[in-house]
Amino acid sequence: MKGLPEERAVLLGRYIAENGATVRKAAKVFQISKSTVHKDVSERLKKQNNALYQQVKQVLEQNKQERHIRGGMATREKYEKLKHDNARDFEHGSE
């Protein structure tokens, strides 16, 4: 999403606040880089709409605190899938 950075910052802020989205998710939805999202919501939004900035700041802080949990879950799912795939390959004799 191109356009005025100030307008984009407000749109990003609303999206993150309403959806509890991560910077990564917002970047993907808006098709911009994570660094652009971060700059928009941490610098531009603060000047543009401080109340929304405070909401976004809370969401991002919560996401930061939960990051290690999500990472651990992703790792566990990855290895469970590998284990399942290996068991299936072994059953079918294609090891």
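## Helix faces, ring pair and salt bridges

On the face of H2 turned away from its buried side, the exposed residues Arg24 and Lys28 are found. The model is predicted, and local features are therefore taken only at pLDDT of at least 70 and side-chain atom pairs only at pLDDT 80 or more, while totals for chains, interfaces and linings use all residues. Residues are numbered from 1 along each chain as its sequence is written, and side-chain values use heavy atoms, with hydrogens and water left out.

**Exercise 1.** Determine which residues of H2 are buried, and where they fall when the helix is seen down its axis.

*Solution.* Helices here are DSSP runs (H or I, at least four residues), numbered from the N terminus. Buried stands for under 20% relative accessible area, exposed for over 50%, and partly exposed for what lies in between, with a 1.4 Å probe and protein chains only. By this scale the buried residues of H2 are Val23, Ala26, Ala27 and Phe30. Seen down the axis of H2, these residues fall within an arc of 100° (taken over the directions from the helix axis to the C-beta atoms), so they line one face of the helix. The face turned away from that side carries Arg24 and Lys28, which are exposed.

**Exercise 2.** Describe the residue that follows H2, giving its phi, its place in the chain and whether it is buried or exposed.

*Solution.* The residue that follows H2 is Gln31, and its phi is positive, near 55°. As a general background, most residues other than glycine have a negative phi. In Gln31 the positive value occurs in a residue other than glycine. Gln31 belongs to the loop between H2 and H3, and because its relative accessible area is 69%, Gln31 counts as exposed.

**Exercise 3.** Find the aromatic pair of the structure, classify its geometry, and state which helices hold the two rings.

*Solution.* A pair of aromatic rings is described by the distance of the centres and the angle of the planes. Rings of Phe, Tyr and Trp (its six-membered ring) pair if their centres lie within 6.5 Å, and planes under 30 degrees apart count as stacked, over 60 as edge-to-face and the rest as tilted. The structure holds one such pair. Its members are Tyr15 and Phe30, whose ring centres are 5.6 Å apart and whose planes stand at 75°, so the pair is edge-to-face. The pair links distant parts of the chain, since Tyr15 lies in helix H1 (residues 5-19) and Phe30 in helix H2 (residues 23-30), 15 residues apart. Both Tyr15 and Phe30 are buried, and Phe30 is one of the buried residues of H2 considered in the first exercise.

**Exercise 4.** Work out which salt bridges Asp40 takes part in, and how its partners are placed in the sequence and in the helices.

*Solution.* Side chains of opposite charge can pair when their charged atoms come close. The criterion for a salt bridge is a side-chain nitrogen of Lys or Arg within 4 Å of a carboxyl oxygen of Asp or Glu, and a search of the whole structure finds four of them. The side chain of Asp40 meets that of Arg8 in one salt bridge, at 2.4 Å from N to O. Arg8 lies in helix H1 and Asp40 in helix H3 (residues 34-48), so this pair ties together parts that are 32 residues apart in sequence. Asp40 also meets Arg44 in a salt bridge, again at 2.4 Å from N to O; because Asp40 and Arg44 are four residues apart in helix H3, about one helical turn separates them. Arg8, Asp40 and Arg44 are thus linked in a network of salt bridges.

The surroundings of the three residues complete the picture. Arg8 and Asp40 are both buried, and for Asp40 the relative accessible area is 0%. Arg44 is partly exposed, at 24%.

**Exercise 5.** Characterise the salt bridge of Asp85 by its partner and distance, and state how accessible each of the two residues is.

*Solution.* The partner of Asp85 is Lys81, and their closest N and O atoms are 2.9 Å apart. Both residues lie in helix H4 (residues 50-91), four residues apart, which is about one turn of the helix. Asp85 counts as buried because its relative accessibility is 17%, whereas Lys81, at 52%, counts as exposed.

**Exercise 6.** Place Lys46 in its helix, and compare its separation from Gly13 in sequence with that in space.

*Solution.* Lys46 belongs to helix H3, and at 46% relative accessibility Lys46 counts as partly exposed. Lys46 and Gly13 are 33 residues apart in sequence, while their C-alpha atoms are 9.9 Å apart in space.

Note on methods
Helices (H or I, at least four residues) and strands (E, at least two) are DSSP runs, numbered from the N terminus.
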